Amino acid sequence: MGAMEQWPTRSYRITRADLVAYAQASGDPNPIHQDPEVARSVGLPDVIAHGMYTLALAARYVDEQLGEAGRIAELGAKFTRPVVVPEEGTEVEISGAWRDDHTIALTVVCDGRTVLGNPVAVLGG
């Protein structure tokens, strides 16, 4: 793969069961990720995915495109919009492009709107 090569867009389904499993694994039991009533009581439209879960999907995407895990040395982004997860689940679309030999610029979108600002993966070794 070379500089400026564009990677295909891939879609990842997020369900509420994923949020429960992520909360248990990460130790983040914040109810805005699992309880619709609590989420709505704080002004959210429904439960939302953990921001780190969304970022983890971006890392998974990079690993899948590279065909190997463990090459990401740095991964960063700003959380620009919540990923709302209705009862039927939602889709997050991720694409990427080589910025240079070690850096991949990512795009992470849900419902046509960017949810991570300037997500970038820097590869080591």
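**Exercise 1. Determine which residue just after H1 takes a positive phi, and describe how H1 is placed in this predicted model.**

Step 1. Gly27, which comes just after H1, has a positive phi of about 80 degrees.

Step 2. Helix H1 itself spans residues 16-26, and its buried residues are Arg16, Leu19 and Ala23. These residues cover an arc of only 50 degrees around the axis, which puts them on the same side of H1.

Step 3. The general geometry of helices helps in reading this pattern. An α-helix has 3.6 residues a turn, so residues three or four places apart point the same way.

Step 4. On the other side of H1, the exposed residues are Ala17, Gln24 and Ala25. The buried residues of H1 are covered by elements including strand S1 (10-14) and helix H2 (36-41).

**Exercise 2. Classify Gln24 and Gln34 as buried, partly exposed or exposed.**

Step 1. Gln24 belongs to helix H1. Its relative accessibility is 65%, and the class of exposed begins over 50%, so Gln24 counts as exposed.

Step 2. Gln34 is located in the loop between H1 and H2. With 35% relative accessibility, Gln34 counts as partly exposed.

Step 3. Leaving out residues up to four places away in sequence, Gln34 touches Val20, Ala23, Asp28, Pro29 and Val47. One of these, Ala23, is among the buried residues of H1.

Step 4. Distances to other parts of the chain complete the description. Gln24 and Arg113 are 89 residues apart along the chain, and their C-alpha atoms are separated by 28 Å. For Gln34 and Ala105, 71 residues apart in sequence, the C-alpha to C-alpha distance is 31 Å.

**Exercise 3. State where Thr54 lies, whether Thr54 is buried or exposed, and what Thr54 contacts.**

Step 1. Thr54 is part of helix H3, which covers residues 51-66.

Step 2. The relative accessible area of Thr54 is 3%; buried means under 20%, so Thr54 is buried.

Step 3. When neighbours within four places in sequence are set aside, Thr54 is in contact with Ala49, Val83, Val108, Val115 and Leu116. Of these partners, Val108 falls within strand S4 (103-110), and Val115 comes after strand S5 (113-114). Leu116 belongs to strand S6 (residues 116-123).

**Exercise 4. Locate Asp111 and Asn118, and describe their phi values and exposure.**

Step 1. Asp111 is in the loop between strand S4 and strand S5. Its phi is near 55 degrees, a positive value in a residue other than glycine.

Step 2. Asp111 has 67% relative accessibility and counts as exposed.

Step 3. Asn118 is in strand S6. Although Asn118 is not a glycine, its phi is positive, at about 50 degrees. With a relative accessible area of 59%, Asn118 is exposed.

**Exercise 5. Describe the protein chain as a whole, from its pattern of elements to its overall dimensions.**

Step 1. The protein chain contains 3 helices and 6 strands. Along the sequence, they follow the pattern β-α-α-α-β-β-β-β-β.

Step 2. For 125 residues, a compact globule would have a radius of gyration near 14 Å; the chain has 15 Å, which agrees. Its C-alpha atoms fill a box of roughly 50 × 30 × 20 Å along the principal axes.

Step 3. Buried residues account for 38% of the 125 residues. Of the contacts between residues at least 6 apart in sequence, 64% join residues at least 24 apart.

Step 4. The chain exposes about 6700 Å², of which carbon and sulfur atoms supply 50%. The mean positions of its 10 positive and 17 negative charges are 4 Å apart.

Methods:
Residues numbered from 1 in each chain as written. Predicted model: local features only at pLDDT ≥ 70, side-chain atom pairs only at ≥ 80, totals over all residues. Heavy atoms only, no water. Helix = DSSP H or I, 4+ residues; strand = E, 2+ residues; numbered from the N terminus. Rg over C-alpha atoms; globule rule 2.2 N^0.38 Å. Buried < 20%, exposed > 50% of the residue type's maximum accessible area, 1.4 Å probe, protein only. Contact = heavy atoms within 4.5 Å. Areas by Shrake-Rupley, 256 points an atom, 1.4 Å probe, with all protein chains shown as cover. Lys, Arg positive; Asp, Glu negative; His and termini not counted. Charge placed at Lys NZ, Arg CZ, Asp CG, Glu CD. Arc of directions from axis to C-beta.
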